[in-house]
Amino acid sequence: MGGLVRRSPVFAMTISSGKEKMKISRKILGLACVLAAMATNAEAKTYKLAHNVQPDSTAGHMLSEFVERVEEGTDGRVKIKIFANGVLGDQLDYFSQIQKGVIDLGLVNSAALENVIPAYGVVNLPYIFRTSEEYGAVMADPGVRAALFDEAGKHNFVPLGFLSSGFRSIYTTSPVANIDDLHGKKLRTMSSETYIEMLDRFGAVPTPLSFGELYSGLQQGVVDGAEGGLAGLWSAKFGEVAKYALETDQTRLTDFVVASQKFQDSLSPEDLEVVNSVFADISARSIEIADRSEAEDLQKAVDQLGVEVIQIDKEPLMKSVEPMYTEAAKDPGKAALLEAIFAIEGRQLD
């Protein structure tokens, strides 16, 4: 019976009908995938984060980690694009844009925020923190955080938390052995009343200058040095022109990551929880990371750029700024926070 097997019309129709159903099923599945992708893309949004530090600095690395973990934790619904090195302006420039909701997030230090909320001036006081342990205890205290953060809403921004930047010291283009050698030296500082007064009491000439202009300012003699993190001697290559690092440890400038109210309102409760949780973890680790990176970068500046580290007696510097505490204690916007910090540190206000 080697002849051809003929299929009945009914059997042929059944096969044909099955094929059509498979084609339709594939089309439906494909359409569902497209709609799902469209829905995901519709939910996803890219936000702007501005900062003025180098991407390979300690803060730069921590912010990159924050962005990556937020995108992963929200399954790509919250994407954040970083604009580093001050490409969107200096801190005061992009902070005003955050308040307006034009920029979503930014790294703004306590010196800049002092111009908006006077209480931030307390954490900028020279020698308010004498050790990393004191700093950590203060910044973790709920009362201190409330004093710093509760006023933010009135000024159209929301602090996510802080990133420690390590202690700030002084570096110069000529040798300095003691406080007397600082007299008359033009030292770059930020546009902060506290920092300007501090350098003035040290006997130096405070010279506000943007961070982006500092290298050329040192090179051209516009300034004789600067106060800042000694890690910058390596990470920003200031050690190419400023060869003397004075370990004065006068302040522990705190960087805050702040967000616009618009950014916070645009997130679902679940995604906002991811953002806050990720940043809280990074914030808690930032003190140890900053201290370690500071020491490593300073050593690189010594080994590879020929920077000389100078140990200086801090007592005369501490003595010179005591009147700043007296004035802060008289200010109703600062007194309570100053007392709270001293209570945590076990200090007495003379």
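**Two sheets and their helices**

Tyr 325, Ala 328 and Ala 329 of helix 14 meet Ala 335, Leu 338 and Phe 342 of helix 15. The residues of this contact divide into six nonpolar, no polar and no charged. The two axes come within 7 Å and cross at roughly 125°. Helix 14 and helix 15 are therefore oblique to each other, since an angle over 145 degrees would be needed to count as roughly antiparallel. Helix 14 covers residues 322-330, and helix 15 covers residues 335-345.

Now the whole chain. This is a predicted model. The chain has 350 residues, and 47% of them count as buried. It holds 15 helices and 11 strands. Among contacts with a separation of 6 or more, 75% come from residues 24 or more positions apart.

Start with the open sheet of five strands. Its order is 2-1-3-10-4, and its pairing is mixed. Strand 2 and strand 4 stand at the edges. Each has a single partner strand, so one side of each is left without a neighbour in the sheet. The twist averages 25° from one strand to the next.

Both pairing senses can be followed here. Strand 1 and strand 3 run parallel, joined by two bridges. Ala 50 has Gly 106 in strand 3 as its bridge partner. Strand 4 and strand 10 run antiparallel, with six bridges between them. Phe 162 stands opposite Phe 256 in strand 10. How much of strand 4 is buried? Seven of its seven residues are, so this strand is mostly covered.

Helices pack against these strands. Helix 3, residues 91-99, lies across strand 1, strand 3 and strand 10. Its direction is at about 135° to strand 3.

Helix 2 spans residues 58-73. At 1.5 Å a residue, its 16 residues should span 22 Å, and the end C-alpha atoms are 22 Å apart, which agrees. Its buried residues are Thr 58, Ala 59, Gly 60, Met 62, Leu 63, Phe 66, Val 67 and Val 70. An α-helix has 3.6 residues a turn, so residues three or four places apart point the same way. The buried residues of helix 2 pack against strand 1, strand 2, strand 3, strand 4, strand 10 and helix 12. After helix 2 comes Asp 75, with a positive phi near 55°.

Helix 6 is short on exposure to its surroundings in one clear sense: six of its eight residues are buried, so it is largely enclosed by the rest of the structure. The buried ones are Ser 132, Glu 134, Tyr 135, Gly 136, Val 138 and Met 139. They pack against helix 7, strand 4, strand 10, helix 12 and helix 15.

Turn to the open sheet of six strands. The order is 7-6-8-5-9-11, again with mixed pairing. Strand 7 and strand 11 are at the edges, each with a single partner strand, so one side of each is left without a neighbour in the sheet. Neighbouring strands are turned by 30° against each other on average, direction ignored. Strand 5 and strand 8 pair in the antiparallel sense over four bridges. Ser 169 has Gly 228 in strand 8 as its bridge partner. Helix 8, residues 193-202, packs on this sheet. It touches strand 5, strand 6, strand 7, strand 8 and strand 9, and its direction makes about 160° with that of strand 6.

Definitions and conventions. Residues are numbered from 1 along each chain as its sequence is written. This is a predicted model: local features need pLDDT of at least 70, side-chain atom pairs count only at pLDDT 80 or more; totals for chains, interfaces and linings use all residues. Side-chain values use heavy atoms; hydrogens and water are left out. The expected span of a helix is 1.5 Å times one less than its number of residues. Buried means under 20% relative accessible area, exposed over 50%, partly exposed in between (1.4 Å probe, protein chains only). Contact means heavy atoms within 4.5 Å. Axes are lines fitted to C-alpha atoms, for helices over the stretch in contact, and angles run from 0 to 180 degrees between N-to-C directions. Angles under 35 degrees count as roughly parallel, over 145 as roughly antiparallel, 65 to 115 as roughly perpendicular and the rest as oblique. Ala, Val, Leu, Ile, Met, Phe, Trp, Tyr, Cys and Pro count as nonpolar, Asp, Glu, Lys and Arg as charged, and the others, Gly among them, as polar. Two strands pair if DSSP finds at least two bridges between them.
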